Structures are given as C-alpha cells and as structure tokens.
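This report describes part of a structure in running text. The sequence and the model are shown below.

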Amino acid sequence: PATVVNFGSSTKKARLDQRPTEVTKLGPGTLLQQRKSLPVYGVRNRLISEIQKHSTVIIIGETGSGKTTQIPQFMHEVRLDKNGIIGITQPRRVAAITLSQRVSQEMNTDCGAIVGYTVRFEDVTSECTKLKYLTDGMLLREAMLDTLLMSYSIIVLDEAHERTVHTDVLFGIVKQAQALRDEKLLKPLKIVVMSATMDVDHFSDYFGSVPILYLEGRQHPIQVFHALHRQDDYVFSCLVTIFQIHQDAPANQDILVFLTGQEEIEAMARSIRLIVKDLDGKCPCLKVYPLYSSLPSHQQLDVFRPTPQGMRKVILSTNIAETSVTISGIKYVIDSGMVKVRTHHPGTGLDVLKVQRISQAQAWQRTGRAGRESSGFCYRVYTFQEFDAMLKNSIPEIQRCNLTNVVLQLLALEIDPLTFNFLDKPPKELVNGALQQLKQLGAIDTVEGTKLTEMGHQMALFPLDPRFSKILLSAKDYGCLEEILSIVALLSSESVFVIPPSKREKAVAAHTKFFSSSGDHITLLNIYRSFSAVTQKKQWCHENFLNMRNLQYASEVRSQLAELCQRCKMQMSSCNQNVDQVRKCLVTGLFMNIAELQRERQYLTVESRQIVAIHPSSVLYSLHPHCVLFTEVIQTGSCYLRQVSQVDPEWLRDIVPEYVQQHRLLTLVS
Ligand code: ADP
Ligand code: MG
C-alpha cells in the first residue's frame with residue numbers, strides 16, 4: 001500500500017517491570033529446556049510449599065511466565081492430586097484446548113490421558129485424567145450436578161483478571177464448596193487463583209486476606225509508538241503498519257496484530273496474501289496466521305509452531321493473545337486499540353455485540369506481548385491523546401452482560417441471585433432483567449420466586465442460552481424437533497458459508513439454491529438437510545462453497561443436543577415441508593427479538609425501540625418483510641440484525657399473548 005501511517009519519532013520506553021534483565025533467547029531446545037527457562041521454574045519449591053500450606057492462594061505473574069502450563073504439573077508431581085483431580089479453568093475454549101495439548105506434550109502423554117480438556121460439546125478426558133483444563137462455563141455446569149465439586153482436590157481459577165461472568169460466579173461457588181466441605185469434614189478443596197495483573201487485592205479480600213505470591217517476570221524493554229494523527233480506519237492502518245515493518249525488519253521477527261473478530265481477521269489475511277504476491281523476492285517470506293476462538297483447533301495449533309528460518313509470521317488475533325495464550329518469537333505488536341465486546345442494555349433488553357476501544361490495562365497487556373524473549377516494539381494505531389482518554393480498566397462482564405444464563409444456573413444450584421456473595425455485585429437492573437426474562441420464558445413462576453419450574457429445570461440442562469433451550473423444549477409442541485435441533489446446532493457453530501473474494505459470484509450463486517424467502521433460519525435448515533443427505537460430503541461442500549468442518553461440528557453438536565432432549569423424554573418429530581412450524585417454534589424463545597419495518601430498509605425493534613437494519617449477509621436483506629424475528633444485533637457503526645426470519649405478527653398473539661399484552665405490542669399485532 002502507498003499510504004504510510006506516521007508514528008511519533010520520540011518513543012516512550014515502557015518497562016513493564018523494573019528489574020534489569022539479560023536477553024534470553026528461547027531457542028528450539030528440548031521441551032524440558034524450554035520449561036526450565038520459564039520464570040516459574042526457579043521458584044518451583046517455594047510455590048509448592050506455599051500451595052501446600054494454605055487452602056487458598058493467589059498467584060500473580062506476567063503472561064508467559066508459565067503459570068498455566070507449569071503450576072498444575074508441579075502440583076501433580078508432588079501428588080497434590082492423589083485425592084481428586086486438578087481442574088484449571090479458562091475463560092476461552094481455544095485456551096483450554098491448546099494448553100492441555102501443550103501440557104500433554106510436555107508430560108509426554110496423549111491428550112485425554114493424564115491431561116485432558118472439557119469445553120462445550122467436547123470432552124477429551126478419561127478415567128485416568130488428573131489435570132483437567134476446562135472452560136469456566138463447563139465447571140459451572142459441573143457444579144450444577146455436584147455443588148461440592150467432589151471430584152476435585154484443587155481448583156485453579158486461571159486468568160482471573162479477565163473477570164468473565166463465569167469466573168466471577170465460580171469464585172462464589174468454589175468458595176462455598178470449600179467451606180461446605182470443611183464443615184462436613186469431607187476432603188478439603190484447595191483454591192488457586194491466578195492472574196496476569198497486579199490488582200488482586202480484591203480477590204484476596206474476598207477470600208479473607210489469603211496470601212498473594214508474586215512471580216518475578218522477565219520482561220524486556222519495549223518501545224511504544226503512537227500514531228501521530230487520528231486514523232479513520234484502524235483495520236487499514238494496521239495493514240499499512242504491517243508492511244511498513246515487514247519491509248525493514250529482518251526475517252524471523254514476528255508480528256502480532258490485535259484485531260476484533262473473525263470476519264475482520266479473515267479479510268485482512270486475504271489482503272495480506274494478495275499484497276505479498278506483489279512483493280516477490282524483495283522481503284522475507286511472509287506467512288499469515290489467524291487466531292480467534294472459533295478457529296478449528298488444528299489451525300490454532302499452527303500458530304505455535306516455530307517460524308522456519310528466513311520467514312516471518314504475522315499473527316492476526318482477537319484479544320485471545322492478550323493474556324490467554326503465548327506465542328514465542330513476537331518482536332512487533334500492532335495494536336488496533338479496539339475489541340469486540342458483548343454488552344447488555346437492561347433498559348432496552350438488547351444484547352449488542354459492539355466494537356469499542358480497549359482499556360489502558362488491555363493496551364499494556366498487548367504491548368507486553370512484544371517483550372517476552374527480547375526487546376520489542378509496539379505500534380499503537382491510535383494517538384497518545386486517544387490512549388489517554390481510554391478507561392483505566394475494562395468493566396467486568398458481570399456488570400455489563402445479559403445475566404439470564406447465569407441467573408438460571410444459580411437458580412438451578414438453589415442459590416438466590418439477589419443475595420449471592422458475588423465478587424462484585426452486578427447492577428440490580430441486570431439481575432432483575434434476567435429474572436424478568438426467565439419468567440417470560442417460563443423458567444420461574446414469579447420474579448420474586450427463586451424456585452425453578454419444571455421447564456426451568458429442563459432449560460438449565462442445556463449448555464445453551466436459555467432462549468434457545470426454550471425453543472428446543474417447545475419443539476415437541478410444534479412437532480419439529482428434528483428441524484429445531486439442526487438450526488440450533490448451526491447457530492451454535494461458526495458460519496457455514498465460504499465466500500472467497502475471487503469467486504464471490506460463483507459462491508453466492510451456489511448458496512442461492514438453499515435460500516428460503518422466509519429467512520435465514522430455514523435457509524440454514526435447507527443446508528443442513530442437504531448436507532446430511534449427501535454421501536460425498538467433502539466434494540459437495542466444495543462445490544457448494546460451504547465449510548465442511550463447521551457443518552461437521554454442527555452435526556456433532558446436534559447429536560449431543562439430541563441426547564439431552566432424550567434425557568428430557570422428548571419424542572423425535574419432524575414437520576417435513578411444513579416449516580412454518582419451525583418459525584412459530586422460534587417465536588417461543590425469541591419473542592423479545594422482534595422488529596418491525598418502518599420505512600425503506602429501516603426497522604424498529606419492538607421491545608427496545610432501536611433503529612436497526614437487516615444485515616447484508618441475510619437472505620432477507622433485499623426482501624425487507626414487514627415483521628421479522630432476529631437472533632442477534634451487532635453494532636458496527638449502525639445496528640444490524642443477524643440471522644433473521646420473517647414472522648406473522650398474528651403468531652405472537654397466539655404464542656405469547658401475555659407478552660403482547662404487557663408490552664402493548666398492539667401497533668404491531670393490530
Ligand atoms: P502463563 O500462564 O503464565 O501466561 P503459560 O504457562 O501459558 O504462561 O506459558 C508458558 C510458556 O509455554 C509460554 O511462554 C510459551 O512459550 C509456552 N507455550 C504455552 N503454550 C504453548 C503451546 N500451545 N505451544 C507451544 N508453546 C507453548
Ligand atoms: Mg496463563
């Protein structure tokens with residue numbers, strides 16, 4: 001690209017810790033050598049003795065110091081797991097998978113043997129598993145089956161600084177399990193909290209002033225540059241910066257770019273590959289690696305392979321590389337300054353996925369990724385003034401997210417969400433909003449009540465958003481369980497559409513034959529039906545520009561959901577060609593997500609009164625029907641509805657009469 005992003009020439013040297021350190025290159029070496037070079041290794045015995053002495057400890061250490069991979073192994077080596085397994089929670093599924101694979105490799109065993117992982121819809125553990133990496137959401141599900149978490153001797157709440165809703169709630173659950181086990185004279189439960197940031201007093205106070213162990217980091221100086229002028233398009237600025245660096249820096253100095261999400265990352269990956277073709281011979285060979293949560297695990301693992309001599313890696317990552325996973329060889333960080341977060345507006349009841357500015361704390365974490373093995377550089381494609389205006393710390397999820405799921409889980413645990421000992425209390429409106437929604441969905445009888453209905457208990461069994469559990473459970477009344485299972489499974493997976501820019505028209509033409517004028521949900525159903533019917537799946541997917549891996553994943557998810565339905569004693573049923581039944585069934589869970597056409601392409605959401613438009617990727621984009629049901633809202637500049645289906649307003653009156661009355665949705669229905 002011809003444009004140049006000007007970064008300030010006077011640079012600020014950032015030391016993320018104060019100690020002078022020698023440059024240690026992590027060569028290929030053996031795994032053991034690599035392990036021994038990690039900062040935790042030197043303090044192994046101290047750590048073990050502190051962990052043995054106390055029932056709860058907090059450990060702070062920079063990202064990459066070896067907390068997640070090493071400390072569980074240390075505890076295993078001294079048999080702290082003889083009376084129960086060690087569970088290590090991760091906010092992200094990718095992290096749980098890659099870390100357990102890494103640790104299996106270090107311990108020279110197969111993943112799923114001594115070391116394993118459990119994430120939603122995937123359980124790679126066995127009888128002999130001792131170290132179990134699992135998402136925080138999965139541990140919360142396990143707590144629903146056994147509040148005392150008796151299979152565990154130690155629970156490591158890892159990445160606690162990320163403050164995900166699930167980890168936050170687990171603090172309370174695990175603390176309660178520990179107390180109850182002591183009270184009942186059962187085997188004790190040890191709790192280890194691990195964090196990459198220093199502000200842990202909060203955690204320590206919560207557990208009653210437990211010891212805090214600091215791991216000394218080994219961080220090298222990093223030069224930080226800010227853009228001199230405000231950038232209009234951060235994606236483009238990042239792209240330009242990549243090539244500014246690439247043209248000057250020697251090979252084997254890798255670049256890590258922080259972006260916001262899958263689509264953005266894949267689009268930039270394509271641009272880079274195109275530009276590289278024109279650079280032939282002038283620069284080192286450049287290879288692009290995307291990294292985001294939903295990436296298939298074999299591709300995630302590619303990122304961790306050492307860069308071959310004479311090459312350069314460019315890793316395009318979401319905030320997952322901020323603290324969850326560490327990649328060696330990074331010399332340059334390019335920070336877009338942006339992150340995609342889900343925010344819930346209790347006033348409007350709307351859940352919005354929005355790209356927004358990161359906090360200063362996040363900016364420093366990102367910067368730190370450049371100084372892991374030697375001195376590094378961080379290019380921020382935002383000005384210093386913009387940095388200065390950022391929030392100091394990010395707002396914990398529990399204070400901004402839809403809590404319907406968590407409140408349902410707490411109620412299933414017979415815990416009153418209004419009196420639960422939260423690490424940080426969520427705003428009352430959020431809890432009340434969740435109770436309100438659970439009542440609308442029929443999971444509780446009254447918003448004051450804390451007792452789940454039969455429907456509520458069944459909803460809690462599914463690892464899904466309660467609205468989708470409700471839809472699945474309603475499917476028996478509409479005789480379309482087969483169809484709903486396929487749709488919910490596809491909505492739980494990544495997009496199945498493949499649209500290569502060079503073959504855009506061909507791809508869209510191929511997709512058109514699955515299109516249903518009733519909307520995206522039936523379109524997904526059509527795809528799934530055809531996919532299951534064909535035998536040559538690989539070829540069929542290729543010809544139809546569909547992602548086979550994501551379809552296969554959906555099919556696995558589908559079988560697991562079908563199993564849960566069976567446990568709820570639901571009969572399989574199919575509505576065959578009468579797919580109106582499917583859309584009616586969707587209304588039973590998504591009735592709060594209805595929007596009405598106002599004027600040309602402009603919709604108003606009925607409950608939250610927001611101006612929105614149908615996302616261009618929807619089959620309804622150019623049809624703009626009068627009344628639509630949507631799965632989610634995303635905000636990128638304007639608000640867009642994604643996964644949209646046409647619905648008949650009359651259905652609302654039949655299916656959720658109380659809701660229609662309460663919300664005076666009469667304009668719509670009359
Ligand atoms: P922390 O939890 O303190 O952030 P980790 O235990 O996750 O640190 O990582 C320690 C080191 O192990 C990292 O610096 C990295 O070099 C290496 N490592 C971790 N995961 C992988 C992986 N999947 N592949 C290769 N190396 C890895
Ligand atoms: Mg870690």
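The text below covers an annotated domain, a sheet with two helices, and a helix pair.

This is a predicted model, in which local features need pLDDT of at least 70, side-chain atom pairs count only at pLDDT 80 or more, and totals for chains, interfaces and linings use all residues. Residues are numbered from 1 along each chain as its sequence is written.

UniProt lists residues 48–216 as "domain: Helicase ATP-binding" in an unreviewed entry; such annotations may be inferred rather than shown by experiment. The span is 39% helix and 23% strand, with its end C-alpha atoms 16 Å apart. Helices (H or I, at least four residues) and strands (E, at least two) are DSSP runs.

An open sheet of eight strands has the order β5-β4-β6-β3-β7-β8-β2-β9 and mixed pairing; strands pair if DSSP finds at least two bridges between them. β5 and β9 each have a single partner strand, so one side of each lacks a neighbour in the sheet. Three bridges join β2 and β9 in the parallel sense, and Ile58 has Ile212 in β9 as its bridge partner.

Two helices lie across strands of this sheet, with angles from 0 to 180 degrees between N-to-C directions.

| Helix | Strands crossed | Angle |
|---|---|---|
| α5 (residues 136–145) | β3, β4, β6 | about 100 degrees to β6 |
| α6 (residues 165–183) | β3, β7, β8 | about 150 degrees to β7 |

Elsewhere, the axes of α17 (residues 466–478) and α18 (residues 481–491) come within 8 Å and cross at roughly 165 degrees. The two helices are therefore roughly antiparallel (over 145 degrees). Residues in contact (C-beta atoms, placed from the backbone, within 7 Å) include Phe468 and Leu472 of α17 and Ile484 of α18.

Notes. Chains are lettered from A and ligands numbered from 1 in the order in which they are written. Angles under 35 degrees count as roughly parallel, over 145 as roughly antiparallel, 65 to 115 as roughly perpendicular and the rest as oblique. Two residues are in contact if their C-beta atoms, placed from the backbone, lie within 7 Å.
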